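Okay, hi everyone. I'll put my structure up on the screen, and then we'll walk through a few things in it together.

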Amino acid sequence: MTEKDTGGAEDGLADCLASVLEEPFGTGTRVERLSRMTAGASRVTWAFDAVAADGERHGLVLRADTPGSLDPGALPREAALMRAAAAQGVPSPHVFASGVGPGSLSSGYVVMSRVEGESLPPRILRDPAFADVRPRLARRCGEILAAVHRVPPDAVAGLPDEDELDRWRGVLSGTGRPQPALEYAARWLDENRPPPSRRTLVHGDFRHGNLIIGPEGVRALLDWELAHVGDPLEDLAWLCVKAWRFGAPLPVGGFGSVEDLIAGYESAGAGPVDREALAWWQVFGTFRWGVICLHQARRHLTGATRSVELAAIGRRVCEPEWDLLEMLP
């Protein structure tokens, strides 16, 4: 992420942060170098330093919901998920504070350690600095997902637990647009469901952009906004969706093979992977991405959230539609 010019920090935000950080860092903690980073339309992200009374400096990140959030508990729930995942060995930022706070933090927030590294897919896939780690990333991602799926599904209250195909068919219906390729995919998915699998915590968005990577490997998994209870194969397949290859040829995030991903997953004690079921979930992931593109465009076009970024995502719906037509009989 890069810094975004906001004409100065929001009034009172630094004071609010200093207040909530007194518990981990002590009385007299002050906030310095507060700068807003680029982020989505529903949430804002700030980088800053917390300086304790003894002068010790901590590089931190604040994620906060925008005012009027319909679910002020969402970010505190994500914080609880990060803590539970870290306990299982998932590389995660350290969470210092979370909740629904005073003033500018009243819509829900989480403050975590700032993890240095790269999250931009083109750099990870093409920069010589990552040449040594790229061949190992698929297996490592499998190991991390095995750790994610070890988190007890009831470790954090309030997680969605529903039929994912029905959920996203409902979102597609809500767009009010005829989309023959997506509708055909939804029908095929319904008619070819794999046998029920075990139910685990599912990250819901395990892909490029949500992984911070250094030359030695994955340093942190971010963004638990879409976490839910479901089939663990959903996470593995989502990483294999063509959209996350960014033009690179390899099927797992553009950097590895499905065999390496599965080998890492199974070697970490997650149990055998049903290849046919994984293929079904990859079709589902492609369908889901198409529906997300439509939904994001609708947010912009209806005026609910005016955003060039959302409009640009909406234009990409033709890509998963084409992918689905190639994948399906």
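So, this is a predicted model, and the protein chain has a mean pLDDT of 92, with 94% of its residues at 70 or more. The part to watch is residues 1–9, where the pLDDT is below 50. In the model, that stretch still has 16 contacts beyond near neighbours in sequence. Where pLDDT is low, though, we shouldn't read the predicted coordinates in detail.

Next, a pair of helices. Helix α7, residues 180–191, packs with α10 at an angle of about 145°, and their axes are 10 Å apart. The crossing is left-handed. And who's touching whom? On the α7 side you've got Leu-182, Ala-185, Ala-186, Trp-188 and Leu-189, while α10 brings residues including Trp-280, Phe-284, Phe-287 and Gly-290. What classes of residue make that contact? It's 11 nonpolar, one polar and no charged.

Now hang on to α10, which runs 275–301, as it comes up again at the second largest pocket: α10 and α6 (164–174) each give at least two residues to the lining. That pocket has a volume of about 280 Å³. Of its 16 lining residues, the closest to the centre are Asp-163, Arg-193, Arg-199, Asp-231 and Trp-281. By class, the lining has eight charged, six nonpolar and two polar residues.

Notes:
Residues numbered from 1 in each chain as written. Predicted model: local features only at pLDDT ≥ 70, side-chain atom pairs only at ≥ 80, totals over all residues. Heavy atoms only, no water. 1 Å grid on protein atoms, 1.4 Å probe; cavity = no way out; pocket = protein on both sides within 12 Å on 5 of 7 lines; lining within 4 Å. Points joined across faces, edges and corners; volume = space filled by probe spheres on them. Helix = DSSP H or I, 4+ residues; strand = E, 2+ residues; numbered from the N terminus. Nonpolar A, V, L, I, M, F, W, Y, C, P; charged D, E, K, R; others polar. pLDDT = per-residue confidence, 0-100. Contact = heavy atoms within 4.5 Å. Axes fitted to C-alpha atoms, helices over the stretch in contact; angles between N-to-C directions. Left-handed = near helix turned anticlockwise from the far one by under 90°.
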